[in-house]
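Student: I'm new to this one. Can we walk through it together?

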Amino acid sequence: MLWARLLAYVTGTVDQELLLRIEYLTAENRILRGQIKGRLLLWEGEKATLAEIAHRLGRKTLEDVAATAKPETILGWYRKLIANKFDGSKFRGSVGRPKVDQETERLVVQMARENPSWGYDRIVGALTNPGHGLSDQTVGNVLRRHGISPAPKRKQTVSWKDFIRSHWHA
């Protein structure tokens, strides 16, 4: 049973040393807090760290130790931290359909400019060949964003340069 006495002595010594360290740090915190004028501004990460430790300590112990804010405030930070953790925001995506990637959008605009007589459906059909699945409404939205009018109006407003370039081989 010698080892049991030795273990009890060592753990008791370690506990006493930890208690002395905690007492010193608590006193030091109170002295430093007394020298600060006004509120102590903390970052969100610092609040989260204090809140997690405070929750593990409990309200009664926190009343003796807390020097940066009131125990109710610190535990409020913890409740807010938990509420943000479980609010489901990481499962929510952006609202609406996913955006069309830049390459596909560039292809839609290029096809509309090079082929002024093509309507939305014809552009959709041409984009299906390389594997881009778009709807005619999406093509219309892309062209509207770039200030390109629908096919009948586009066909009527072809410049001579574009007309000659598109009919040069004929």
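Below, a student asks about the structure and a tutor replies.

Tutor: Quick note before we start: this is a predicted model, with local features needing pLDDT of at least 70 and side-chain atom pairs counting only at pLDDT 80 or more, while totals for chains, interfaces and linings use all residues. Residues are numbered from 1 along each chain as its sequence is written, and side-chain values use heavy atoms, leaving out hydrogens and water.

Student: Which element gives the largest share of the largest nonpolar core?

Tutor: A nonpolar core is a set of buried Ala, Val, Leu, Ile, Met, Phe, Trp, Tyr and Cys residues joined through side-chain atoms within 4.5 Å, and buried means under 20% relative accessible area, with exposed over 50% and partly exposed in between (1.4 Å probe, protein chains only). The largest core here has 15 residues, with Val108 and Leu143 among those with the most contacts inside it. Helices H5 (102-114), H6 (120-128) and H7 each give two or more residues to this core; helices are DSSP runs (H or I, at least four residues), numbered from the N terminus. The largest share, five residues, comes from H5.

Student: Which residues does Thr104 touch?

Tutor: Thr104 is found in helix H5, and at 2% relative accessibility it counts as buried. Contact means heavy atoms within 4.5 Å. Leaving out residues up to four places away in sequence, Thr104 touches His132 and Leu134.

Student: Why do the buried residues of H7 line one face of the helix?

Tutor: H7 covers residues 136-145, and its buried residues are Val139, Gly140, Val142 and Leu143. Take the directions from the helix axis to the C-beta atoms: that is how the arc is defined. Seen down the axis of H7, the buried residues line one face because they fall within an arc of 160°.

Student: Which exposed residues does the face of H7 turned away from its buried side carry?

Tutor: Look just past the helix too: H7 is followed by Gly147, whose phi is positive, near 75°. On the face of H7 turned away from the buried side, the exposed residues are Arg144 and Arg145.

Student: How far apart are the closest N and O atoms of Arg59 and Glu72?

Tutor: Those two form a salt bridge, meaning a side-chain nitrogen of Lys or Arg within 4 Å of a carboxyl oxygen of Asp or Glu. The pair links distant parts of the chain, with Arg59 in helix H3 (residues 59-65) and Glu72 in helix H4 (residues 71-85). For Arg59 and Glu72, the closest N and O atoms are apart by 3.5 Å.
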